[in-house]
Amino acid sequence: MRLDELIHSNPKVYTAKVTTIFRSKQLLYKILGIQKQQKYIADAHFKKREVIFQQFFKNKKVLDVGSGRGDFLTSLREKYGCYCIGLDISQNMIFHASQDNSASVYVVGSSNFLPFKDGCVDVVHFHHVFHHLPPNIQEKTLKESKRVAHEVVMINDNVNWENSFKRFLANIFWKITDGGYIYRTETQWKKFLDKENILDYSMGKYLMRHCYFVIDAKNRVR
Ligand SMILES: C[S@@+](CC[C@H](N)C(=O)[O-])C[C@H]1O[C@@H](n2cnc3c(N)ncnc32)[C@H](O)[C@@H]1O
């Protein structure tokens, strides 16, 4: 079993991992004396993310691919009035999601063959999923998402450092704690999405390494 399957197919292991990483990061920021700067950067990212969410999620039908335990879908439903469908390759995750976040609908499936008709949801969303997909299925996943989405595809993922030494360290950290396949830099993301019409994006910086892309699903270049 791959490391990411081990971590992500068991909800208890996943929750323990997220909590441990969060606490370790807070401790590191405290030791480095950069808590305030980090909070400022994180707040700016989440403020921008909120603007994107308000614009693209309000009262929409959303398919969250790699939905895990479904917590994100519950927050979308409660905060933005979305109708939510979760899809995950792990039966275990879907089992726990349908118990713990039962107001959404769930399907077991793989991101590269979405069992849905063309344009049947408004938004297809990925929350920390893309780096867990083998590189050879990422293109097909994006194509499938654009087929199923009527309006936009949203990708929330990690953004790696451009500096090669920092990238090396980040890759080791993420491989150990997360076990994903590929952690792209801003340049690599832009290259991967170069044929797409990017409607909006948010790019993390310094120790805040999250990014968000809003991709026009109607731009059929793939
Ligand atoms: C890091 S977890 C993220 C879970 C959830 N989106 C969240 O943010 O809490 C990655 C999820 O993607 C799922 N996954 C991995 N490969 C997949 C694929 N090819 N198709 C669908 N889901 C996949 C895993 O089973 C796991 O639940």
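**Helix α5**

I looked first at the outward side of α5 in this predicted model, and found Gln91 and Gln99 exposed there. I then listed the buried residues of α5: Met93, Ile94, His96 and Ala97. Viewed down the helix axis, these buried residues stay within an arc of 165°, so they line one face of α5. I noted the general background: an α-helix has 3.6 residues a turn, so residues three or four places apart point the same way.

I also checked how α5 (residues 91–100) connects its flanking strands. Together with β2 and β3 it forms a β-α-β unit, and I recorded the hand as right-handed. The two strands of that unit run parallel and are joined by 4 bridges, with β3 covering residues 105–108. As one point of register, I found Leu87 opposite Val107 of β3.

**Helix α4**

I asked which residues of α4 (residues 71–80) are buried. They are Phe72, Leu73 and Leu76. Their arc around the axis is only 100°, which puts them on the same side of α4. I traced what they pack against and got four elements: α3 (35–57), β1 (61–65), β2 (83–88) and β4 (121–127). After α4 comes Gly81, where I read a positive phi near 65°.

**The sheet**

I wrote down the strand order as β3-β2-β1-β4-β5-β7-β6, an open sheet of 7 strands with mixed pairing. At its edges stand β3 and β6 (198–203), each with a single partner strand, so one side of each has no neighbour in the sheet. The twist from one strand to the next averages 15°.

Further in, I looked at β4 and β5 (residues 149–158), which pair in the parallel sense over 6 bridges. One bridge I noted pairs Val123 with Val152 in β5. Helix α6 (residues 135–148) packs on the sheet and touches β1, β4 and β5. I recorded about 145° between the direction of α6 and that of β5.

**The core**

I turned to the largest nonpolar core, which has 32 residues. Which residues have the most contacts inside it? I found Leu63, Val121, Val124, Ala149, Val152, Val153 and Met154. The elements giving two or more residues to this core are β1, α4, β2, β4, β5 and β7 (210–216).

I followed Leu63 further, leaving out residues up to four places away in sequence. Leu63 touches Ile85, Leu87, Phe116, Val121, Val124 and Val148. Of these, Leu87 had already come up as the residue opposite Val107, and Val121 and Val124 are among the residues with the most contacts in the core.

**Positive phi outside glycine**

I looked up two residues here. Asn59 is not a glycine, yet has a positive phi of about 60°. Asn59 sits in the loop between α3 and β1. Is Asn59 buried or exposed? I counted 9 other C-beta atoms within 10 Å of Asn59; the limit for exposed is 12 or fewer, so Asn59 is exposed.

His128 also has a positive phi, near 55°, and is other than glycine. I placed His128 in the loop between β4 and α6. With 18 other C-beta atoms within 10 Å, His128 is partly exposed, because buried would need 20 or more.

Definitions and conventions: Residues are numbered from 1 along each chain as its sequence is written. This is a predicted model: local features need pLDDT of at least 70, side-chain atom pairs count only at pLDDT 80 or more; totals for chains, interfaces and linings use all residues. The arc is that of the directions from the helix axis to the C-beta atoms. Two residues are in contact if their C-beta atoms, placed from the backbone, lie within 7 Å. Two strands pair if DSSP finds at least two bridges between them. A crossover is right-handed if, with the strands pointing away from the viewer, the path from the first strand over the helix to the second runs clockwise. Axes are lines fitted to C-alpha atoms, for helices over the stretch in contact, and angles run from 0 to 180 degrees between N-to-C directions. A nonpolar core is a set of buried Ala, Val, Leu, Ile, Met, Phe, Trp, Tyr and Cys residues joined through C-beta atoms within 7 Å.
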